[in-house]
Amino acid sequence: MHIRDIFKRQRTTFSFEFFPPKGPEAADSLFETIADLERLRPTFVSVTYGAGGSTRDLTNDLVVRLQDQTNLNPMPHLTCLGHSEAQVHAILERYARHSISNILALRGDPPANQRDYDRSADSFKRAVELVGLLRRFNDSGGHPDRNGFGVGIAGFPEGHPETPNRLLELDHLKAKVDAGADFIITQMFFDNRDFYDFRDRCRLAGIDIPILAGIMPITSLPGMRKMAELALGSRFPASLIRAINRTGGDPDAVRRVGAHWATEQCRDLLDHDVAGIHFYTLNRSKATQDIYATLGVRDSTGLQ
Ligand code: FAD
């Protein structure tokens with residue numbers, strides 16, 4: 001379902017993010033997770049695109065499989081990195097044939113170990129150009145739905161590291177909205193004040209599309225370290241670090257503290273009229289299920 005229609009029906013969305021599995025075993029385990037999470041009736045699920053476009057076929061295949069074989073509403077991530085315009089077109093045509101309704105348009109990042117990654121062959125340098133292409137694709141009637149693809153973009157409550165000037169950064173975000181984006185999904189954050197301030201700054205900049213909050217429960221200490229690296233420096237509040245330290249590193253206790261923290265974030269976000277919550281599931285179901293249970297939410301339709 002197109003995101004515009006979703007927001008007409010539902011005040012708050014609950015969505016889940018997966019990454020494409022690398023082998024048959026990982027695929028089996030992901031489909032177990034998906035079966036568990038399908039019961040929570042997410043508004044939509046998204047599938048990431050590997051750094052540097054490295055999971056192009058895996059992402060495309062998983063999205064099509066989810067669309068054809070489950071009741072889920074899958075949204076692929078699509079990045080500028082590693083693609084010519086013709087390649088992007090071919091991907092969009094396949095998604096349109098399978099009636100995929102929404103796409104998250106991103107610039108993408110090069111693989112972590114390739115700092116001198118060559119982008120000279122990429123047709124699109126920034127996400128705003130991909131949003132523009134999606135709009136042209138929609139306008140040309142390339143999608144069977146007359147609304148075309150709904151277009152999501154990324155937002156960064158704590159700022160994107162390449163643009164330290166936060167006023168300029170919002171101008172860049174506004175340019176993506178003006179190019180035709182329908183909604184924003186944020187990078188994960190652990191202090192809701194960062195999200196509320198970002199949301200206020202967006203409104204002041206004239207950005208009035210729905211902003212979905214990215215939530216990732218901490219499930220282990222190594223996971224937390226990796227998160228800090230991948231999320232380009234998410235800030236862990238002192239109170240959260242203290243709570244994690246009190247566990248003495250006990251893995252079960254870390255998991256409980258992480259789930260409790262994320263649940264409290266969600267409760268507070270719901271109290272503050274968040275447009276949607278996007279869970280970074282890391283292809284596991286337990287933490288998300290626990291959060292729903294503690295929130296007292298049977299499934300995502302309970303949030304209408
Ligand atoms: P852009 O909007 O292009 O911005 C990139 C940088 O360029 C920003 O600093 C921006 O301020 C700056 N900029 C924009 N316009 C201009 C301009 N005109 N002049 C100068 N500077 C400008 N990455 C993946 O590889 N695969 C994924 O699946 C993926 N999923 C993600 C999902 C979410 C919800 C989020 C938040 C991020 C995701 N990322 C993913 C990471 C994302 O691709 C990176 O963070 C990337 O560095 C920025 O992407 P963007 O789409 O915001 O880029």
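**Around the ligand, along helix 7, and at the cysteines**

In this predicted model, 23 residues sit around the ligand, and the ones that come nearest are Tyr-49, Asp-109, His-160, Thr-163 and Lys-176. Several parts of the fold chip in to this shell: strand 3 (74-79), strand 4 (102-106), helix 6 and strand 6 each supply at least two residues. Strand 6 gives the largest share, with three residues.

Zooming in on the ligand's oxygen atoms, a few polar partners turn up. In the side chain of Arg-107, an N or O atom is 2.8 Å from an oxygen atom of the ligand. With Ala-127 it is the backbone that takes part, through an N or O atom 2.9 Å from a ligand oxygen. His-172 uses a polar side-chain atom, again 2.9 Å from an oxygen atom of the ligand. As for overall cover, the ligand has 990 Å² of accessible area on its own, and the protein covers 84% of that.

Next up is helix 7, which runs over residues 192-204 and has 13 residues. From first C-alpha to last, helix 7 reaches 18 Å, close to the 18 Å expected at 1.5 Å a residue. Its buried residues are Asn-192, Asp-194, Phe-195, Tyr-196, Phe-198, Arg-199 and Cys-202. An α-helix has 3.6 residues a turn, so residues three or four places apart point the same way. What do the buried residues of helix 7 pack against? The list takes in three strands and two helices: strand 5 (150-155), strand 6 (183-188) and strand 7 (211-215), plus helix 6 (166-178) and helix 10 (251-271). After helix 7 comes Gly-206, with a positive phi near 85 degrees.

Cys-202 of helix 7 comes up again in the search for disulfides, where the count is zero. Cys-80 is in no disulfide, and the nearest cysteine sulfur, that of Cys-202, is 20 Å away. Why does Cys-266 not bond to Cys-202? The Cys-202 sulfur is the closest one to that of Cys-266, but the gap is 19 Å, so it is too far for a bond. Cys-80 is buried, with a relative accessible area of just 1%, and Cys-266 counts as buried too, at 0%.

Finally, there is Thr-48, found in the loop between strand 2 (44-47) and helix 3 (56-69). Is Thr-48 buried or exposed? Its relative accessible area is 17%, which is under the 20% limit, so Thr-48 is buried. Leaving out residues up to four places away in sequence, Thr-48 touches Glu-17, Phe-18, Phe-19, Pro-20, Thr-55, Thr-59 and His-77.

Conventions
Residues are numbered from 1 along each chain as its sequence is written. This is a predicted model: local features need pLDDT of at least 70, side-chain atom pairs count only at pLDDT 80 or more; totals for chains, interfaces and linings use all residues. Side-chain values use heavy atoms; hydrogens and water are left out. A disulfide is a pair of cysteine sulfur atoms within 2.5 Å. Buried means under 20% relative accessible area, exposed over 50%, partly exposed in between (1.4 Å probe, protein chains only). Helices (H or I, at least four residues) and strands (E, at least two) are DSSP runs, numbered from the N terminus. The expected span of a helix is 1.5 Å times one less than its number of residues. Contact means heavy atoms within 4.5 Å. A residue is near a molecule or strand if one of its heavy atoms lies within 4 Å of it. A polar contact is a pair of N or O atoms within 3.5 Å; within protein, one must be able to donate a hydrogen and the other to accept it, and residues adjacent in sequence count only if both atoms are side-chain atoms. Accessible areas come from the Shrake-Rupley method with a 1.4 Å probe; for residues, only the protein chains shown count as cover.
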